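This report is meant to be read with the sequence and the three-dimensional model side by side. Please look at both before going on.

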Amino acid sequence: MSIPFRLIARFALALFALLLPAVVARPATAAPEETTITEVAPGVFFRKAQTEPVFTGCNQGFVVFRDFVLIIDANFPGQAENVIASIRERTDKPIKFVFDTHYHGDHADGNMQYVKLGATVVAQERSQPLFQSKGADGFEGAKKNRASEYGALSYEIPSLYFSHKLVFDDGDQRVELLFLGHAHTAGDAVAWLPKHGILFTGDACVNGAFNYTGDANTESWIAVLGAMEDLGVKTLCPGHGEMGGAEILANQKRWFLELRGAVKAGIDKGLSLEAIKETFDVPFYKEWTGKESKAQTENIEHVFKELSSPGKPLGLKSRLHRHPHPHPSQPVVGTVGSKR
Ligand SMILES: [Zn+2]
């Protein structure tokens, strides 16, 4: 009788798998209190930043080419020093390029630390006016608020811009910087390693409750996430949170689809923004991030503005927001878990 039972069990399991939702949320809080560095493929490193109890900065990548190192996201100035030290433990090749996925300070304020070493900073061209305006203002603010870290440092913006694609390829490593559209900011770009199926997304995709939408166009962002899915991602290295696979893209996309759907339903019922915020509930968000969707007030407010005045570009005109992540009031430390 054991064979038929096994068959029945297998059938039941297969049926259960079919009934599971297409997107399976994975907990995003595997080790938020640690900074870890993983060699994702030979010479390709992912540095996952500590986010709890203190938000230290963004996730980063670095890729060791035959003759140089390319860094993906500069991070804050203090964190940049730690990143340089971590690279030096692995290779003495010169750091020649730093790719800023976007202009936010936790991704780009450390640029000068690499420029000092002779590196060139690269970004998508639509980010240039953002660096020159909101980025520069934010840096000046940080010099006052975080004087011990920023001190007398000068703001260094990218000096090399591309429109849709920039390729680094020495025969061993290949990294394609791709602009796929307005997502987290108007000038987001991602780093795609087609040989390995590895995608570094910056904040165009995060894994956890890290979304800031103040510079975003969420409708376009959903399309950008679809374009990322079309790449055939095997390993996804997000701007914040743990690395994983293509399911992170699906989770990120699902959040914006359900967020927009819930806000639109409220608007269609004639509810005010306050009433929508009070009754807001997207259960999937808690499954994915461990946090209540209702607490994402910045996201709800932004989407309400988008859907209340369709056609109006948000982004460049949106309010100045320096700390695009959910711990704006917390101090940022200059040390990382891996160095403790
Ligand atoms: Zn950001």
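Which residues have the most contacts inside the largest nonpolar core? They are Leu70, Ile71, Val98, Phe99, Val190, Leu199 and Met228, in a core that has 75 residues. A nonpolar core is a set of buried Ala, Val, Leu, Ile, Met, Phe, Trp, Tyr and Cys residues joined through C-beta atoms within 7 Å. A residue counts as buried if 20 or more other C-beta atoms lie within 10 Å of its own, as exposed if 12 or fewer do, and as partly exposed in between, with the C-beta atoms placed from the backbone. The largest share of this core, six residues, is supplied by helix H8, residues 247-268. Helices (H or I, at least four residues) and strands (E, at least two) are DSSP runs, numbered from the N terminus.

Before the details, two remarks on the model itself are needed. Residue numbers start from 1 along each chain as its sequence is written. The model is predicted, and local features need pLDDT of at least 70, side-chain atom pairs count only at pLDDT 80 or more, while totals for chains, interfaces and linings use all residues.

**The sheets**

Seven strands form an open sheet in the order S1-S2-S3-S4-S5-S6-S7, and its pairing is mixed. Two strands are said to pair if DSSP finds at least two bridges between them. At the edges of this sheet stand S1 and strand S7 (160-162), each of which pairs on one side only. On average, neighbouring strands of this sheet are turned by 20 degrees against each other, with direction ignored.

A further open sheet has five strands in the order S8-S9-S10-S11-S12, again with mixed pairing. Because strand S8 (165-169) and strand S12 (235-237) stand at the edges with a single partner strand each, one side of each is left without a neighbour in the sheet. The twist in this sheet averages 15 degrees from one strand to the next.

Four antiparallel strand pairs, with a bridge partner from each, are set out here.

| Strand pair | Bridges | Residues opposite each other |
|---|---|---|
| S1 (residues 36-41) and S2 (residues 44-48) | five bridges | Ala41 and Val44 |
| S2 and S3 (residues 60-64) | four bridges | Arg47 and Gln60 |
| S9 (residues 174-178) and S10 (residues 190-193) | three bridges | Leu177 and Ala191 |
| S10 and S11 (residues 198-200) | three bridges | Leu193 and Ile198 |

Two of these pairs are hairpins. In the hairpin of S1 and S2, two residues lie between the strands, and Gly43 takes a positive phi near 80 degrees. In the hairpin of S10 and S11, four residues lie between the strands, and Gly197 in the turn has a positive phi of about 70 degrees.

In a regular strand the side chains alternate between the two faces of the sheet. Both faces of S10 are covered, since Val190 and Trp192 on one side and Ala191 and Leu193 on the other are all buried. Leu199 touches Val190 and Trp192, and also Met228, Leu231, Val233, Leu236 and Cys237, when residues up to four places away in sequence are not counted. Touching, or contact, is used here for two residues whose C-beta atoms, placed from the backbone, lie within 7 Å.

**A pair of helices**

The axes of helix H7 (residues 218-230) and H8 come within 10 Å and cross at roughly 155 degrees. This makes H7 roughly antiparallel to H8, a label given to angles over 145 degrees. Among the residues that make the contact are Trp221, Leu225 and Met228 of H7 and Leu249, Phe256 and Leu257 of H8.

**Two single residues**

Is Glu149 buried or exposed? With 20 C-beta neighbours inside 10 Å, Glu149 counts as buried, and this residue is found in helix H6 (residues 147-150). The C-alpha atoms of Glu149 and Pro77 are separated by 6.9 Å, although the two residues are 72 residues apart along the chain.

Lys143, which has its place in helix H5 (residues 128-145), is partly exposed, with 17 other C-beta atoms within 10 Å. From C-alpha to C-alpha, Lys143 and Leu153 are 8.0 Å apart in space, and they are ten residues apart in sequence.

Terms used. Axes are lines fitted to C-alpha atoms, for helices over the stretch in contact, and angles run from 0 to 180 degrees between N-to-C directions. Angles under 35 degrees count as roughly parallel, over 145 as roughly antiparallel, 65 to 115 as roughly perpendicular and the rest as oblique.
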